[in-house]
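Reader: Hey, I'm new to reading protein models. Could you walk me through one?
Author: Sure, let's pull it up and chat.

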Amino acid sequence: MKRLPLINTQFTLFGGHMETVPPGWHWKPEAHLAFELMYIVSGTQRTTSEIGELVTHAGEFIIIPPGIRHNNFVVGDQSLDYFAIHFNLDDPSFKYMLTREYANQIVRPDWAVYEDLKTCTTQLITLFSNKYGLTDKLNIEMTTIKLMMILLEAVQTQAQFSFDETNPDQFLLCTKLASDLKQQVDNQIYYGEHPTHISIAAVARRYNISQSYALELFKKYYGESPQSYLITLKLEVGKKLLRQPKMQVKQVAERLAYADTSHFGREFKKHFGLSPREYAQGNH
């Protein structure tokens, strides 16, 4: 006998809205219980959050995961028209996939998922009304579920994920740790007068976890240690600094808080196959 599975997954649509806001507008920091999909109809929006910053232009999408505290701002002297919808599904794999693939990303027209996503979003916008009957509500629900399917199918097509013991809260925590490390590197490079050692243990303490648990999270979701991740961040910035005219290797090493130039040189060559001097001279 063939059977279809028992399905008792809870889908929730928390509503959606279209809004026009003037230049200079910004919304207070907030976090939602659901995913928030935003489509910019016209104008430009800047979104800052615990996991990064995005500048979204007309025709582009962003998806903010549940629990991520964020602010939205209008950029420039043009008003902003945007559409936003909040939805969730109580399935760990769903949350993990959407968070891993779309968190802190801008879905642009060159993404494979873009055209289907835009078509579905446009359908939802046409369903706005002053009064909603049962047929209207079911149409909205089915269109939102179709939108979720588009996102999920794109993820499954683009990448292979292991859903064993997936935990979206763990993944988000790991993402926050990584974002914190990147923010510290950026602050150290561009604002710090006296660059100092960045402590993995101190970052972990800010999130009330141990350094060993931070290591476990990074190994699980990034396939490397926090220290290795931090070194890669620093060296990628080092490449940008080395491209600047008159920037000396010693200056770059100091800006990255390396104890000596030779240590910086060894790690740089290990990562990129060239010494900092060779890279600066254009041998790449």
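**Walking through the fold**

Author: Here's a start: among contacts in the chain between residues at least 6 apart in sequence, 71% join residues at least 24 apart. One thing to keep in mind is that this is a predicted model.

Reader: Ok! How many helices and strands does the chain have?
Author: There are 10 helices and 9 strands. The C-alpha trace spans about 70 × 60 × 35 Å along its principal axes.

Reader: And what share of the residues count as buried?
Author: The chain has 284 residues, and 43% of them count as buried.

Reader: Let's talk helices. How do you even describe two packed ones?
Author: You give the angle between their axes and the distance between the axes. Take H7, which covers residues 226-242, and H9: they pack at about 95°, and their axes are 11 Å apart.

Reader: So is H7 roughly parallel or roughly perpendicular to H9?
Author: Roughly perpendicular. Angles from 65 to 115 degrees get that label.

Reader: Which residues meet there?
Author: From H7 you have Ile231, Thr232, Leu235, Glu236, Lys239 and Leu242, and they meet Phe264, Glu267, Phe268, His271 and Phe272 in H9. By class, the residues of that contact are 6 nonpolar, 2 polar and 3 charged.

Reader: Lys239 caught my eye. Where does its charged end sit?
Author: Over the ring of Phe272, 4.5 Å from the ring's centre. Phe272 also belongs to an aromatic cluster with Tyr258, Phe264, Phe268 and Tyr279.

Reader: Cool. Which other ring has a charged residue over its face?
Author: Phe73 is one: Arg46 lies over its face, at 4.4 Å from the ring centre.

Reader: Back to helices for a sec. How do H1 and H4 pack?
Author: Their axes are 9 Å apart and the angle is about 20°, so H1 and H4 are roughly parallel to each other. H4 runs over residues 168-190.

Reader: What makes that contact?
Author: On the H1 side it's Pro92, Lys95, Tyr96, Thr99 and Arg100, and on the H4 side Pro168, Phe171 and Leu172. The H1 and H4 contact has 5 nonpolar, 1 polar and 2 charged residues.

Reader: New topic: how many aromatic pairs are there in the whole structure?
Author: A search of the whole structure turns up 17. One of them is Phe61 with Tyr114, an edge-to-face pair at 5.8 Å centre to centre, with 70° between the planes.

Reader: Where do those two sit in the chain?
Author: Phe61 is in strand E6 (residues 61-64) and Tyr114 is in helix H2 (residues 114-126). They're 53 residues apart, and the pair links distant parts of the chain.

Reader: Are Phe61 and Tyr114 buried or exposed?
Author: Both Phe61 and Tyr114 are buried.

Reader: Last thing, phi angles. What's the usual sign outside glycine?
Author: Most residues other than glycine have a negative phi. Asn104 has a positive one, near 60°. Asn104 lies in the loop between helix H1 (92-102) and strand E9 (106-107).

Reader: Is Asn104 buried or partly exposed?
Author: Partly exposed, because its relative accessible area is 28%, and that label runs from 20% to 50%.

Reader: What about Ala257 and its phi?
Author: Ala257 has a positive phi too, near 65°. Ala257 lies in the loop between helix H8 (249-255) and helix H9 (261-272), and at 25% relative accessibility Ala257 counts as partly exposed.

Technical notes. Residues numbered from 1 in each chain as written. Predicted model: local features only at pLDDT ≥ 70, side-chain atom pairs only at ≥ 80, totals over all residues. Heavy atoms only, no water. Helix = DSSP H or I, 4+ residues; strand = E, 2+ residues; numbered from the N terminus. Buried < 20%, exposed > 50% of the residue type's maximum accessible area, 1.4 Å probe, protein only. Phe/Tyr/Trp six-rings, centres within 6.5 Å; stacked < 30°, edge-to-face > 60°. Lys NZ or Arg CZ within 6 Å of the ring centre and 35° of its normal. Axes fitted to C-alpha atoms, helices over the stretch in contact; angles between N-to-C directions. Parallel < 35°, antiparallel > 145°, perpendicular 65-115°, else oblique. Contact = heavy atoms within 4.5 Å. Nonpolar A, V, L, I, M, F, W, Y, C, P; charged D, E, K, R; others polar.
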